[in-house]
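Trainee: Please take me for a close look at one part of this structure. I would like to follow who stands opposite whom, strand by strand, and then see what comes after.

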Amino acid sequence: MTPQGLTVYRDEWHMSPGIISGGLLWLTGMTGHRPEDNSFADDPEVQIREAFEKVEAVLVEAGLTSEDMVEMTSYHVDLQGHIDVFQEVRDEFVREPNPAWTAIEVSGFVTPGAIVELRVVADASGLPRPAQA
């Protein structure tokens, strides 16, 4: 699954933003970078929102919604510094039934400037299976 605007994952990093396997949609960790120039907002709320927007784009591309999310792991630089705003933004994107969630503090990411990365797994078992060749 490669939505418009996320081709950098495929073209430069050689990975899929999302892939369906075993009835699940597995998403690559999504950060809040701006695809047009790989920059990050200084405002944690903006950066967190941009990460959730990427997750949502992959879900939509697969024909799913946040209601299909079964697990989310969020990785944070300065978790305590932005957990409140993270939860506020998360609540705008994540609907009942809420997925299982684990939040982990990290010292950094491969791309300097990122403060959050989201790893999501969604139930894709209700999607039509592609025809076998």
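Mentor: T31 has E117 as its bridge partner in β8. This is a predicted model, with residues numbered from 1 along each chain as its sequence is written, and its local features need pLDDT of at least 70. Side-chain atom pairs count only at pLDDT 80 or more, totals for chains, interfaces and linings use all residues, and side-chain values use heavy atoms, leaving out hydrogens and water.

T31 brings us to β3, residues 30-31, which runs antiparallel to β8 and is joined to it by 2 bridges (strands are DSSP E runs of at least two residues, helices H or I runs of at least four, numbered from the N terminus; two strands pair if DSSP finds at least two bridges between them). Another antiparallel neighbour of β8 is β2, residues 24-27, held by 3 bridges. Within that pairing, L24 sits across from D123 of β8.

Now turn to β6. Between β6 and β8, which covers residues 116-123, there are 7 bridges, and the two strands run antiparallel. You can find your place along this pairing with two residues of β6: S74 is partnered by L118 of β8, and M72 faces V120 of β8.

M72 is a handy residue to keep in view, for it also stands opposite W101 in β7. There the sense is parallel: β6 pairs with β7, residues 100-105, over 6 bridges. As for its surroundings, β6 (residues 69-76) is largely enclosed by the rest of the structure, because 6 of its 8 residues are buried (buried means under 20% relative accessible area, exposed over 50%, partly exposed in between, with a 1.4 Å probe and protein chains only).

Follow the chain past β8 and you reach G126 in the segment after that strand. G126 counts as exposed, because its relative accessibility is 72%. Its C-alpha lies 14 Å from that of V60, although the two residues are 66 apart in sequence.

V60 leads us, finally, to α2. This helix takes in residues 44-62, and the 28 Å between its end C-alpha atoms agrees with the 27 Å that its 19 residues should span at 1.5 Å a residue (the expected span is 1.5 Å times one less than the number of residues). Buried residues of α2 include I48, F52, V55 and L59, and among them are also the charged R49, E50 and K54. Just after the helix, G63 adopts a positive phi of about 85 degrees.
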